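Trainee: Could you take me through one helix in detail? I'd like to see how a single part sits in its surroundings.

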Protein chains: 4
Amino acid sequence: MIVVLKKNITASETEQLVQKLKESGCKFQLFGDGEPIIRICTQQPLLSKDFFLSQPGVQDVLRITPPYELARKEPDKPDTVIRVGDLEIEPAHFLMIAGPCAVESEEQIFGIAKQLSRLGVRFLRGGAFKPRTSPYAFQGLEEEGLRLIRKAADQFQMKIVTEAVSSAHIPLVAEYADMIQIGTRNMQNYQLLKSAGKQKKPVLLKRGMNATIDEFLLAAEYILQAGNSQVILCERGIRTFEKATRNTLDISAVPLIQQLSHLPIIVDPSHASGKRSLILPLSRAAIAAGADGLLIEVHNQAELAKSDGPQSIDFQAFEELLASMNELAPFLGKRIL
Amino acid sequence: MIVVLKKNITASETEQLVQKLKESGCKFQLFGDGEPIIRICTQQPLLSKDFFLSQPGVQDVLRITPPYELARKEPDKPDTVIRVGDLEIEPAHFLMIAGPCAVESEEQIFGIAKQLSRLGVRFLRGGAFKPRTSPYAFQGLEEEGLRLIRKAADQFQMKIVTEAVSSAHIPLVAEYADMIQIGTRNMQNYQLLKSAGKQKKPVLLKRGMNATIDEFLLAAEYILQAGNSQVILCERGIRTFEKATRNTLDISAVPLIQQLSHLPIIVDPSHASGKRSLILPLSRAAIAAGADGLLIEVHNQAELAKSDGPQSIDFQAFEELLASMNELAPFLGKRIL
Amino acid sequence: MIVVLKKNITASETEQLVQKLKESGCKFQLFGDGEPIIRICTQQPLLSKDFFLSQPGVQDVLRITPPYELARKEPDKPDTVIRVGDLEIEPAHFLMIAGPCAVESEEQIFGIAKQLSRLGVRFLRGGAFKPRTSPYAFQGLEEEGLRLIRKAADQFQMKIVTEAVSSAHIPLVAEYADMIQIGTRNMQNYQLLKSAGKQKKPVLLKRGMNATIDEFLLAAEYILQAGNSQVILCERGIRTFEKATRNTLDISAVPLIQQLSHLPIIVDPSHASGKRSLILPLSRAAIAAGADGLLIEVHNQAELAKSDGPQSIDFQAFEELLASMNELAPFLGKRIL
Amino acid sequence: MIVVLKKNITASETEQLVQKLKESGCKFQLFGDGEPIIRICTQQPLLSKDFFLSQPGVQDVLRITPPYELARKEPDKPDTVIRVGDLEIEPAHFLMIAGPCAVESEEQIFGIAKQLSRLGVRFLRGGAFKPRTSPYAFQGLEEEGLRLIRKAADQFQMKIVTEAVSSAHIPLVAEYADMIQIGTRNMQNYQLLKSAGKQKKPVLLKRGMNATIDEFLLAAEYILQAGNSQVILCERGIRTFEKATRNTLDISAVPLIQQLSHLPIIVDPSHASGKRSLILPLSRAAIAAGADGLLIEVHNQAELAKSDGPQSIDFQAFEELLASMNELAPFLGKRIL
C-alpha cells in the first residue's frame, strides 16, 4: 500500500501518523522530504485504506497487492482441483452443469435427469430453496425438493448442485448436495459464506450482480479462510444500464479472474442473458474465453416452468449446445466433464 | 398486466394460452382479432410475467400495477406511523438517527451517546454485527456490542438502531434493539426479511446498492407480508460508474417512493457519499427533497474509527448539520424528532 | 503522479525508464531500492498515465493532481463570475433558466416568454437544433427557431440559452444566443467544445449522461483552454441501472464540483427525472445541495409539446417552484436571479 | 404501440385523445370499456411514446415494434454485404482490421502496415483525428496523418479505416479513407451521422459507451436514412461499475444485434478491455459468439505509443491471435477476410 501525504502536511501530523504506524506493528518506509510518501510493506496491511484516508494530512492511498490472499494466484502454485465425491475437476476439464431452475415435482426432475444423463451430463442443478424478488413468486419445495433431486441424481449416477439461502440451511443442504451453490443475492451474505466455509462440500459461488471482481474474490476468501478450499466461481452477468438482456455477461471477468486467482471459473449464460436465443452463442463465447465450465438451465417444458421459463432451453437445444462445446473444446485445451 | 400476442400467433397457440389462463383461475379479457391483446384483470396475477414470456406466440408483456401490494400507497390510506416504544414517528416528523458505524468499546459508545443526547438526538445507531467486504476487516463486537449500546442508550434515554446480518441473530438483536436495521448487502436475503417480519420491532430496511425501486419495495413487502407493518426505508446510494463518491445518492428515489408507498423513507448520506465534506450538503438535499429523516455516522475520533472513518463527521460538524435541518424543516412541513 | 514499479523490475528496465523520463523533460524523484517508486513532480505531466502503464516493470500509477488545470479550484482564486450582456451571474446568485424543450412556433415561444417574464425569469431556454435519438423525431426549427426565440426574448427583455449541436453552427447560434448550450450527447464532441471556446458567448455545458466528474471538468477544460473562461456546468442526471426515472440525478456532483472547481454548477431536474411530479422536490434538493441555479422545462401545453412533454411543467407548477426557491434561498446564502 | 389508459380516465379525456389520434392520421384501434387500451397500428407511429405519456388519462405505453425501420432484420431480406472498393464483405466473412490507435509518423505506419500485410491483413486502422478526454493529450496528425496512412496502405495493397470526428471533416476523410469510423463519443453526434450518411464510403459505427442496443441501431438508422446503406456496427464495451477493465465488453450484444438487424457487427476487444492480456481470450469469445470481425490495436512499440499503449499488442501476439481465429472460424461458419 502506498500512502501519499499532502503537500502541506505539518511535521506534527507526520509524526503522529508515524507513531500510529509503529504502534500497529506495520512495517513501512517513509520517502521524500517536502511531500512524503509512505510504503506499507506488509502483504495484508494491519491498517486499512479507510484508516489512512481518515488521517489528517493524507492525500490519497493506492493499494498495490490484492486484498485477498488465499484466493490469489501464486506463481508456483497449481490451479485448484475440485473434488466432488469420486470425481476430480481439473483445470483442463470443462464442467457441464445442467438442469431446471427449480425442482418442481418428482416427475419433472426425474424426466430431466434421465435426458441429461443420457447426453452424458454428470452434474444436475435444481433449486429447492429459491430466493425470489417477489414474496408472491414460487419459493421452492425446500427439503422435499432436496430429497427429490437426490433421488433422481442417484438413479442416474449424477452429482447435485443446489442452492443454500441461509446459514441455518447449510447442514441440511450439505447432507443432500454434492456441491452447494451460493446465489448472486447472497454473495455478500457473510454468515452464509462462513457456514459454507466450515463444511466440506465444494461451493459454487455466483458473482453478485453488482459485485466488482475484487469483491467477488473477497467473498471467495471468506469461504477459503473458514477452511474450505473447494470453491468454484461463476460469472452470471452484472447489472448495467442495458435492459435488452436480463443482465450483462461480463465475459472479460473469465480470463481476468484466471489471471488473478487459482480458482476455477464457470459461466451461467441463462441468468446472464435471460433469453433462450442467446444461450448457444454465449456458451460458445464462454468456452472460447477460457471458461472452466457452464451452468445451464434446461427444462423439459419451459412454457410450464415455475421460474425462469424465458431463459430455459429444451433438450434438443441443449444437445446442439453440447455438440458445439465438444467441437470447440480441443482448441481451447479443454475436455468436457 | 397486458399480454401482447404475436402477429403470426396460430389459432391453436391462442387457444392453448386461453386454456391455461382459465385453468389458473385468472380473470382476463381478450381483445382484437388479427393481433390479439390479453388483459389480466387480477391485481396480483396468479401467473407471472415470466410465465407469459415463456409461452409460444407471446410478443411482450407490460405490467400495469406494481408488483407489491402491501407496500403500495392507496388513495385513502394514511401514511404509516412507526411506533418505537413510547415514541411515534409520524409523517410530519423528520427523524435524526446518529452514531458510529460500529460499537467499538464502552468508552466510545458512551462518549458518543452522551454528546448526541446533549444535542437532542433520540436515536443512536451503532453496529455490533458488521458485514465487511474483507474477512480481514473488523467484524464487530457481536453480543458484547449489543450489550454496550443498550447500556449507553438507557443511560441517556435514547433508542437504538442496530443491524442484524442473519436470520439466526434476529431474536438476539430484537432483544437489545429498538429498531432492527437490515443492511444494503442483505436487502435480498429473504430469510432475514422473513424473520424480521415475524417479530415486532420496527425494521429499518436499507436499499440494496444495486436494487431498483421496485425491488426495494418488494423487499419491504416480504417484511410486511410476514406480519410486521413497521418498516422504514432508507436510501443509501446506488452503485454506478461514477467513482468520485463511494456510491451515487439516488435523491429522486425519495419523492418517487413517497408517491408509490405509504412507508417512510430516510436518507443515509454517509454511505451514499463516503466523504465527510459532502454530508452537510447531501443532508440538506435530503430534507429538501422531502425525506422523512437522516441516518448519519458520527464519531468522536474519526481518525481512530475501526470502520468508515472517511465518511464520519465529528460533533461540531453534526451540530452544524442539525442547526441547518432545524432551519429548513418548517419550509418542508417537517419537525425534527 | 506516483509510479509504482514491480518488485521484480530489472536494473536495465529501471534504467531505461529513467532515461525516457529524462528525455521527456519531466521532473521526477526515484525512491527506494528493492521496490522503487517514482514521483513525477510536474503538475501537468508530460507523460501520460497510459505511457507509464505501457512500460515494462511498471506495477501501477496513481494520479495525485487532477488532470484539469484551468477548471481547478485554487485556494486564493475567487469563483468565476459569468457575464451575460449586462448581467453578472455571481457565486451568490441562484440562476433560473426556464422555457420549452424546443421552439415550436412563434405563438408558443411568445406565449411562454410572456408568462415567464411576468414571473420574473430572465433566462429563456428553447432549442432550435434538437439532438434526437430517433431520426424520425422532431429535429427543431433550426435558424427559424433561433430567430423566433430571439424576437420573443427581446420583446420581454430576456436572455436566451439555446443549444448548438455542431461546430459548424457555432457562429450562427452565437449570433442569436446569449448563452450557448452544449448538450449531454455532445459533451465529448471535442470539435464543438473547441469552437465554443473560440467565441465569446458564455457556454452552458451539460454533463454527459455517462461522464465521470473528471471527464466533465476535462470537457470544460477544452473550452477554457481555447480561450473562453465563461463556462456554467449543468448536472442533468447520469445513466444507471435504475429505470424508474429517465436518468439518476447525481446530486452529490453539485457540492463535489464546487469543491473541485471555480465554475458555477446548476441542475436540470427535468432531464434528470423525466417526470413532472419530481421536478419540485428535485429543485428543492438542488438549491439545498448548494447548486448555483436550475434549468427547467416549462411548457404552456405540455400535452402538445413536440418533445419532452412528460417532464415539462406548466406555469402554475413553475410559479409554485419559484416560490419555494425564494423561501429556501436565504438559508443557503443565495438570491434568485 | 400499445397505450394503456387509466382506470379513472374520463369520457372527455378519452374523446380528446381519440380526436388527436384522428387528426394525426394515425391508424388505431380502441379496445375495452371501463379501462380501455389503444393499439396504434402504424409501424413508424406518427405520435411518439412521449406524446402519449404527456396526455391526461394515459397510464403507460408499450412499444411493440422496434423504433428503427431500415436497420431492422426482415424475414426475407438477406443480411447486408459491405463493398469496400473491389472487396465484398459478406455475412460468411470474418473481417480483420488491425493497426495502431493513432498514426504517429511515416516510419511507424509503414512499419506496421508492412508487418500486418505480411500476415495477410487487408484492413489497416489508424487515427488521424483523435478524440481525447484531455485537451493536453496527443490529438492526432490530422490531414498529414490521413496522407501517411493512405500512402502506407497503397504500398501494401491495404484498405484504410480511419475516424472522422466532425461533420466538417467528412469530405476530407472520405477522400483518403476506404471506410469511415465514427467513434464511441460521437455515436449520438447526429450531424456527423447525417454527413456520413450522405457520402458513399462504408461507415464503421462504434457503439456509444453508454448506448443501449436500441439507441445504437437508431444511430445506424440516421446513416441509413440519409442514403448510405453500408454500415458496419462495432461493439467496443460499455461503461459499468466494474473498473478492473476499461469498459465491460457486452458480448451478448453480438448475437442479439444479429437477431435484430441485417447489419454486420464486429468487436473491438482493445477498447473494451484496455488490457493487453485480455485481447486474445476476448477475440476468441467474439468469433465464438458469432461476431463478423475484429478491430484490434497493434503497435510495433507499444511502450512508445502516443495513445492506448496498455491495450496494444505486438506483432507476435497478433500472429498468435490470427492463428487462433483461423482455427475457430470453420466451426462458426466463417472465413477470415
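Mentor: Here is a close look at helix 3 of chain C.

First, the housekeeping: this is a predicted model, where local features need pLDDT of at least 70, side-chain atom pairs count only at pLDDT 80 or more, and totals for chains, interfaces and linings use all residues. Residues are numbered from 1 along each chain as its sequence is written, while chains are lettered from A and ligands numbered from 1 in the order in which they are written.

Helix 3 of chain C takes in residues 106-118 (helices are DSSP runs of H or I, at least four residues, and strands are runs of E, at least two, numbered from the N terminus). Its 13 residues should span 18 Å at 1.5 Å a residue, and the end C-alpha atoms are indeed 18 Å apart; the expected span is 1.5 Å times one less than the number of residues.

Now the inward face: C:Gln108, C:Ile109, C:Ile112, C:Ala113 and C:Leu116 are buried. They cover an arc of only 120° around the axis, so they sit on the same side of helix 3 of chain C; the arc is that of the directions from the helix axis to the C-beta atoms. An α-helix has 3.6 residues a turn, so residues three or four places apart point the same way. On the other side, C:Glu107 and C:Arg118 are exposed. Buried means 20 or more other C-beta atoms within 10 Å of the residue's own, exposed 12 or fewer, partly exposed in between, with C-beta atoms placed from the backbone.

What do the buried residues pack against? Strand 7 (93-99), strand 8 (123-125) and helix 4 (143-155) of chain C, with contact meaning C-beta atoms, placed from the backbone, within 7 Å. Just after the helix, C:Gly120 takes a positive phi of about 95°.

How values were computed:
Contact = placed C-beta atoms within 7 Å.
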